[in-house]
Amino acid sequence: DFFFFFYEKEAYLTYTGKTLFKNTKLDEISVLSFDIESQGLKKYGESKVYLITNAFRDSSGIVHKKHFRVDDYNDDDCLMIEDWCNWVAKVNPSIITGHNTYGYDLPYLQYCYSERDGYSRSLPLGIYNDPITFKNKPSSFRVDGNTEWEYHKIDIPGRQIIDGMFLAVRYYIGKAPGSWGLKNIIKYEGLEKTDRQHYDASNLSKDWY
């Protein structure tokens with residue numbers, strides 16, 4: 001019998017005996033949770049990122065909150081995104097997470113940072129500001145027997161990516177909360193604050209200024 005390695009990283013870890021997160025407690029792992037507010041869901045010439053909000057829990061358990069807003073950068077969202085990437089490299093999270101991170105947030109940030117204006121560059125989100133990479137071949141995530149989500153896998157050097165929407169699908173097997181939107185899940189779990197302010201994000205580009 002033979003055991004085959006299909007990935008260089010897997011072969012390296014097995015050959016050297018190096019491990020990932022071994023003997024590390026869950027609350028000792030640094031985690032960055034982020035979300036963006038933008039022009040819309042589609043990527044086109046007018047696409048723009050207005051806001052990047054962050055909650056970073058360091059390895060000692062302390063939570064740091066920080067937001068980046070485009071009007072602090074003379075309305076230049078590329079400068080804002082680059083500054084955000086530099087901040088991420090500085091705090092150096094082991095895990096980056098969000099809701100629909102694979103399907104929306106990271107691809108949208110990449111588009112606005114590079115493709116929209118004809119640049120050929122990648123988000124410097126990795127350790128030492130190393131660039132992220134998007135797999136060309138699409139992958140699929142099975143939601144149920146009738147539905148699959150298509151997305152492109154993303155590699156960020158030195159970091160793990162966890163998409164909360166994928167986790168929600170796995171967690172709610174057999175008891176779907178109605179939709180996979182984060183606001184709906186929060187309400188379904190009874191975690192919504194009574195004084196929560198609701199806002200239609202489709203009006204953001206109109207109301208921002």
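## A tour of two pockets

Select strand S1 (31–38), strand S2 (49–57), strand S3 (63–69), helix H3 (101–113), helix H4 (164–171) and helix H5 (182–188): each supplies at least two residues of the lining of the largest pocket. The model is predicted. Keep that in mind at each stop.

**Stop 1: the largest pocket.** Its volume is about 1,300 Å³. Now pick Asp35, Ile36, Glu37, Leu182 and Lys183; of the 34 lining residues, these are the closest to the centre of the largest pocket.

Which element gives the most to this lining? Show S1 alone: S1 leads, with 6 residues.

Next, colour the lining of the largest pocket by class. You should find 14 polar, 13 nonpolar and 7 charged residues.

**Stop 2: the second largest pocket.** Clear the selection and move on. About 960 Å³ of space lies here, in the second largest pocket. Select Tyr7, Lys9, Asp155, Arg159 and Gln160. Among the 26 residues that line the second largest pocket, these lie nearest its centre.

Then add the elements around them. Helix H1 (8–16), strand S8 (154–155) and strand S9 (160–163) each supply at least two residues of this second lining. Leave H1 highlighted: H1 gives the most to the lining of the second largest pocket, with 5 residues.

How many nonpolar, polar and charged residues does the lining of the second largest pocket have? Colour by class again: 12 are nonpolar, 9 are charged and 5 are polar.

**Last view.** Show S1 and H1 together. S1 gives the most to the lining of the largest pocket, and H1 gives the most to that of the second largest.

Technical notes: Residues are numbered from 1 along each chain as its sequence is written. This is a predicted model: local features need pLDDT of at least 70, side-chain atom pairs count only at pLDDT 80 or more; totals for chains, interfaces and linings use all residues. Side-chain values use heavy atoms; hydrogens and water are left out. On a 1 Å grid over the protein atoms alone, a cavity is a set of points where a 1.4 Å probe fits but cannot get out, and a pocket is an open set with protein on both sides within 12 Å along at least five of seven lines; lining residues have an atom within 4 Å of a point. Grid points are joined across faces, edges and corners, and a volume is the space filled by probe spheres set on the points. Helices (H or I, at least four residues) and strands (E, at least two) are DSSP runs, numbered from the N terminus. Ala, Val, Leu, Ile, Met, Phe, Trp, Tyr, Cys and Pro count as nonpolar, Asp, Glu, Lys and Arg as charged, and the others, Gly among them, as polar.
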